[in-house]
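Student: I am new to this structure and should be grateful for a close look at a single part of it. Please begin with one detail and then set that part within the chain as a whole.

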Amino acid sequence: MKTNIFFRFLTILLTLFGILSACKKENDNEKINIYATKKGTEKSSVYNVSPIAGNSNSGDEDGTGPAAKFANITDLAVCAEGILYAYDNAKVKKVSDKGEVRTISKNMPDANPFFNEEGGITVVNGHIYVAGWQSIYKVSTKGKISKFLDLVGDDRPFVNLGDLTSDEQGNIFSVESSGLIRKIVTPKKTWSDYFNSGHLWASITYSKGNIYLLDIQGRVYKVSPAGEPILIYTSESQTGSDIAVAKDGTLYVLDADKIKKINPQGIASHELKDKTGKAFWGTQITLGKNDKVMYITNGLKIGKVQLY
């Protein structure tokens, strides 16, 4: 009987310890998640999406404005000169601000038809880098394709690359469908595991030494150079498709037909509307040269948003 009382007492103590630990963890998360815990700071307004190129019909045609056709844009990138590039169904296309679309490269050699919808693109020192299925390719502005790096080995026969981003030194960061982020030193063509997030189908971007990762449940993590993640935002809708970061550290999270602008002052929610006033559902975003405009696509059309 005394033994039973002792174990009951021990069980109560362990239960209380678990509750206190959970409370402490929750409080720690509240301290970390500085943006999401600022209640009542969200402001709602509208971002108007001005059409640049493409239309509602799928295809593969160069042209200007609505005369151009895209098949499935999976990523956008802007170079230092402000030129916009689209990765469309394993092809790289150059898009001018006037909406002129020109295909500059053919299909990537190892683009898998089942996975190329997740292919990423980034621009480093005047060259375009795109993610194939297992390799990263380097594409010149004239369309010459060369294999830059294989990210497979005896211990990793399957990679399935997704999003790409780059830093000020021209190094590239890639993320796999499993959530593993790798850092690639561009001049040396060497790579190392940077952070294994464990979050499937994540999007990444870079700013001031940190990687920002958005998972499919709308959670944003700031990953330090030491590979330490901090949760900084959680979407109430628990969804999110892409992320971009400005030079001043302001984050933009794309969530269907809304953009969440996140800064230390709180969260501003901007609905996306096309020129007819209808909701514009986006899948990918990227910022312009001076962070004054945002380019957005739904896979078939590209639009431009004036930021404020």
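**From a residue pair to an aromatic cluster**

Tutor: In strand 6, Thr103 is the residue that stands opposite Lys93. The model in which this is seen is a predicted one. The two strands concerned are strand 5, residues 91-95, and strand 6, residues 100-103; they run antiparallel and are joined by three bridges. They belong to an open sheet of five strands, whose order is 2-6-5-4-3 and whose pairing is antiparallel. Strand 2 (63-64) and strand 3 (73-78) are at the edges of this sheet; each has a single partner strand, so one side of each lacks a neighbour there.

The setting is a chain with 25 strands and one helix. Of its 308 residues, 48% are buried. The area that the chain exposes is about 15,700 Å², with 54% of it supplied by carbon and sulfur atoms. Among contacts between residues at least 6 apart in sequence, 47% link residues that are at least 24 apart.

Let us turn to the aromatic rings. Two values are needed for what follows, because a pair of aromatic rings is described by the distance of the centres and the angle of the planes.

The structure contains three aromatic pairs. In one of them, the ring centres of Phe173 and Tyr194 are 5.3 Å apart and the planes stand at 75 degrees, so this pair is edge-to-face. Phe173 belongs to strand 12 (residues 172-176) and Tyr194 to strand 14 (residues 190-196), so the pair ties together parts that lie 21 residues apart in sequence. With a relative accessible area of 3%, Phe173 is buried. Tyr194, at 16% relative accessibility, also counts as buried, because the cut-off is under 20%.

Phe173 has a further ring partner, Tyr206: their centres are 5.9 Å apart and their planes at 10 degrees, so this pair is stacked. Since Phe173 lies in strand 12 and Tyr206 in strand 15 (residues 203-207), the pair ties together parts that are 33 residues apart in sequence. Tyr206 is buried, as is Phe173. Phe173, Tyr194 and Tyr206 thus make up one aromatic cluster.

A charged residue over a ring completes the account. Arg182 lies over the face of Trp191, at 4.3 Å from the centre of the ring.

Terms used. Residues numbered from 1 in each chain as written. Predicted model: local features only at pLDDT ≥ 70, side-chain atom pairs only at ≥ 80, totals over all residues. Heavy atoms only, no water. Pairing = 2+ DSSP bridges. Helix = DSSP H or I, 4+ residues; strand = E, 2+ residues; numbered from the N terminus. Buried < 20%, exposed > 50% of the residue type's maximum accessible area, 1.4 Å probe, protein only. Contact = heavy atoms within 4.5 Å. Areas by Shrake-Rupley, 256 points an atom, 1.4 Å probe, with all protein chains shown as cover. Phe/Tyr/Trp six-rings, centres within 6.5 Å; stacked < 30°, edge-to-face > 60°. Lys NZ or Arg CZ within 6 Å of the ring centre and 35° of its normal.
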